[in-house]
Amino acid sequence: MSDVDAAADRETDVVVVGAGLAGLTAARWLDGRDVDVRVLDARPQVGGRLRSREVDGVVVDLGTQWVGPGQRHLRRLAADLGCEQVRQRAEGDALRYDGNGTHRGKTAIDSLPLPARLNLGAAVRLLDRRSGEVPLEAPHRAPDATAWDETTLATWRDGALRTRRARALFDAAVRSSFGSEPADLSYLSVLFAVRAAGGFERLTGLDGRPRTRIAGGVQTLADRMAADLSGRVHTDSPVRAIAHDEDGVVVRTDDESVAARHVVVATAASRVACLDFDPHLPARRAALSRRPPHGAVVTCVATYEVPFWRPDLSGDVLDEEGPVCRTRDVSPLDGERGVLVGQLFGNAARRWSERTRSERRSMVLDRFAEYFGDRAVEATGYTDVAWPNVPWSGGCCGAAFPPGILTTVGEALREPVGRVHWAGAETATRWPGHMDGGVQAGKRAAAELVGRLRTD
Ligand SMILES: Cc1cc2nc3c(=O)[nH]c(=O)nc-3n(C[C@H](O)[C@H](O)[C@H](O)COP(=O)(O)OP(=O)(O)OC[C@H]3O[C@@H](n4cnc5c(N)ncnc54)[C@H](O)[C@@H]3O)c2cc1C
C-alpha cells in the first residue's frame, strides 16, 4: 500500500476528475477494459460544457452547439451511443453586419467588397499553408516556433490584412472560435489550432458548410455515457486535493478520500490550478495551468412561433461590431418553431456577463431585429448562460494559448506527472478545446493508462 492511501475511505483502480466529454470518455474506455473507475464531478449534473435545457417547449443547447466537419472521434462516439446526428438547415443567405447595416451572401465572406474578399482569401490561404508546418504532437518544434509564439495573432493580422473590412470579419471569426480577442492569442497556437481542425475556414465555420447537431440536445451524449457507467459516476463531488507518490494516489473531496493506482484530471485546463497537489506539480506543468487557454462566451437563445427569417435568410449572421458576434438558426428540424442562438465572445462576453439576464435579453433581441426585422423582438421565450459566471467550467471554446506558453512549457501539456494523467479537451491534438478534442483526449489518456496498469 502506498504511503498516501493509508487513510483513504475507499479504493479503486482509477479516479477520473471531471464528468465532461473527456472524463466520461476516459472512464468508458477503461470500464470497457475491466478497469475499476470512479468519476467525480463538482457539479450536480454530468456533461461539463455540454448543457441542454428545455426552453419554451423546445430543447436547446446552451453550451456546445455544433459537431464540425471532420470531428470523427465525436461522430463515432455519438453513433456508438445511438445519438442521432442531424444536419443544420442551410437554405437562404447568410448575413454580415458591419455596424451600418446587413450584407447578404451565401457565406459571410461572399458579401465582403471585392478587395477585402481577395485580401482575406489570400491571408487565410497563408495561414492554412503555414499551419502545415506545425507538428500536431509538438507545436513548439515548428521551424519558426519561437518567433511565432512571441507574436500575437493581432500583430500577424495587421501585417497580412490591409483592408479594414477584411480585418473586422477576420476578428469576428477568430472571436467566435476561440472566445478570445486576436491580441490575446499566440500566433503559433492559432496555427496549431488551425492545423488541428483542418483549416481556418473549417475551424471558424466561414466555409459555410452546414454543421451537425445532436438530436435531443448534445447533453444526451454525457447522460448516456453516465448511465452506462451507472454507480461509478458521482456528482456534487468537487475534488479539492490530490496526493500522489510512486505507488498510488489519494483524491480528496469534501466527503471522501479515494485511493487509486492512477488519477485522470479531465477538467478544463484553467481548473487545474485550483487543485491542491501534494507534492506540488512540477514548475512547467504548474505554469501551464496558471496561464491556460481562456476564452469567454455568453450563449443567448430566443424562441419564436415560426422561423420567420426563412426561406430568404439562413439565420446565420456574423456581426463585426457586436456585442452579439455570431447568430445561427437552431430551430428543431421536426417542428414549426423557430429558434435563434446568438453568442457573445471575448471582451463583450465578459462585459455582458456582469449584466442581468433581462438586460441581455433586450440587447440581444434588439440585435436580432437589426438583422431580421421587427418580428425578432416578439420572442416567445428567451434564456441565456453567461459562461464566465458558471462555476467549474473554465475557458471556452477553442484552445489557443497566450504568447510565450507553447514554446516554454507547452510540452508539459499531456505529459503525466507520475500517476497523474491529463485529459481535458485542451490537451487534444485534433480539434483541441472542442468536443472532438475532448473525446480524443479521453481516449488517449485511457490508452496511456491501460499500458501503465499492465506494468504497474
Ligand atoms: C458556450 C460554449 C460553446 C461551445 N461550442 C462548441 C461547439 O459548437 N463545438 C465544439 O466542438 N465545442 C464547443 N465548445 C467546447 C466544448 O464544449 C468543450 O471543448 C468540451 O465539451 C470540453 O470537454 P471536457 O470534458 O474537456 O471539459 P468540461 O466539459 O469542462 O468538463 C470538465 C468537468 O470537470 C468538472 N470539474 C472541474 N473542476 C472540478 C473539480 N475540482 N472536481 C470535480 N470536478 C471538476 C466540471 O464540473 C466539468 O463537468 C463550446 C464550449 C462552450 C462553453
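## Ligand site

In this predicted model, 36 residues surround the ligand, and D41, R49, T64, A425 and G433 come nearest. By class, this shell is made up of 18 nonpolar, 14 polar and four charged residues. Among the elements that contribute to the shell, helix α1 (21-32) and strand β14 (297-304) each supply at least two residues.

Which domains give residues to the shell around the ligand? Domain 1 (3-48 + 219-281 + 417-455) and domain 2 (66-91 + 210-215 + 295-389) both do, so the ligand lies between them.

## Polar contacts and burial of the ligand

Backbone atoms of A42, G48 and A425 lie close enough to the ligand to be listed as polar contacts, for which the cut-off is 3.5 Å between N or O atoms. At A425, a backbone N or O atom is 2.7 Å from an oxygen atom of the ligand. At G48, a polar backbone atom is 3.5 Å from an oxygen atom of the ligand. The contact at A42 involves a nitrogen atom of the ligand instead, which lies 3.0 Å from a backbone N or O atom of that residue.

How much of the ligand's exposed area does the protein bury? The ligand taken alone exposes 1000 Å², and 97% of that is buried by the protein.

## Cavity

Rolling a probe the size of a water molecule over the atoms shows where empty space is left. The structure holds one cavity of 30 Å³ or more, and the largest cavity contains about 90 Å³ of space.

The lining of the largest cavity consists of 16 residues, with T267, A269, V272, R285 and T427 nearest its centre. Of the lining residues, 10 are nonpolar, four are polar and two are charged. Which element gives the most to this lining? Helix α10 (residues 283-290) does, with three residues. R285, one of the residues nearest the centre of the largest cavity, has a number that falls within the range of α10.

## Second largest pocket

The second largest pocket contains about 370 Å³ of space. Its lining has 23 residues, and those nearest the centre are A90, G208, R209, S314 and D316. Divided by class, the lining of this pocket has eight nonpolar, six polar and nine charged residues.

Strands β6 (93-97), β15 (313-319) and β16 (326-329) each supply at least two residues of the lining of the second largest pocket. The largest share comes from β15, with four residues. S314 and D316, named among the residues nearest the centre of the pocket, have numbers within the range of β15.

## Backbone geometry in loops

Where do the cis peptide bonds before P279 and P323 lie? The bond joining D278 and P279 is cis, with omega at about 0 degrees, and P279 lies in the loop between β13 (276-278) and α10. This loop therefore leads to the helix that gives the most residues to the lining of the largest cavity. 

The peptide bond from G322 to P323 is also cis, with omega near 5 degrees. P323 is placed in the loop between β15 and β16, two strands that each supply at least two residues of the lining of the second largest pocket.

D34 is a residue other than glycine with a positive phi, near 60 degrees. D34 is found in the loop between α1 and β2 (37-40), and α1 supplies at least two residues of the shell around the ligand.

Definitions and conventions: Residues numbered from 1 in each chain as written. Predicted model: local features only at pLDDT ≥ 70, side-chain atom pairs only at ≥ 80, totals over all residues. Heavy atoms only, no water. 1 Å grid on protein atoms, 1.4 Å probe; cavity = no way out; pocket = protein on both sides within 12 Å on 5 of 7 lines; lining within 4 Å. Points joined across faces, edges and corners; volume = space filled by probe spheres on them. Nonpolar A, V, L, I, M, F, W, Y, C, P; charged D, E, K, R; others polar. Near = heavy atom within 4 Å. Polar contact = N/O pair within 3.5 Å; in protein donor to acceptor, adjacent residues only side chain to side chain. Areas by Shrake-Rupley, 256 points an atom, 1.4 Å probe, with all protein chains shown as cover. Domains from an automatic or database assignment.
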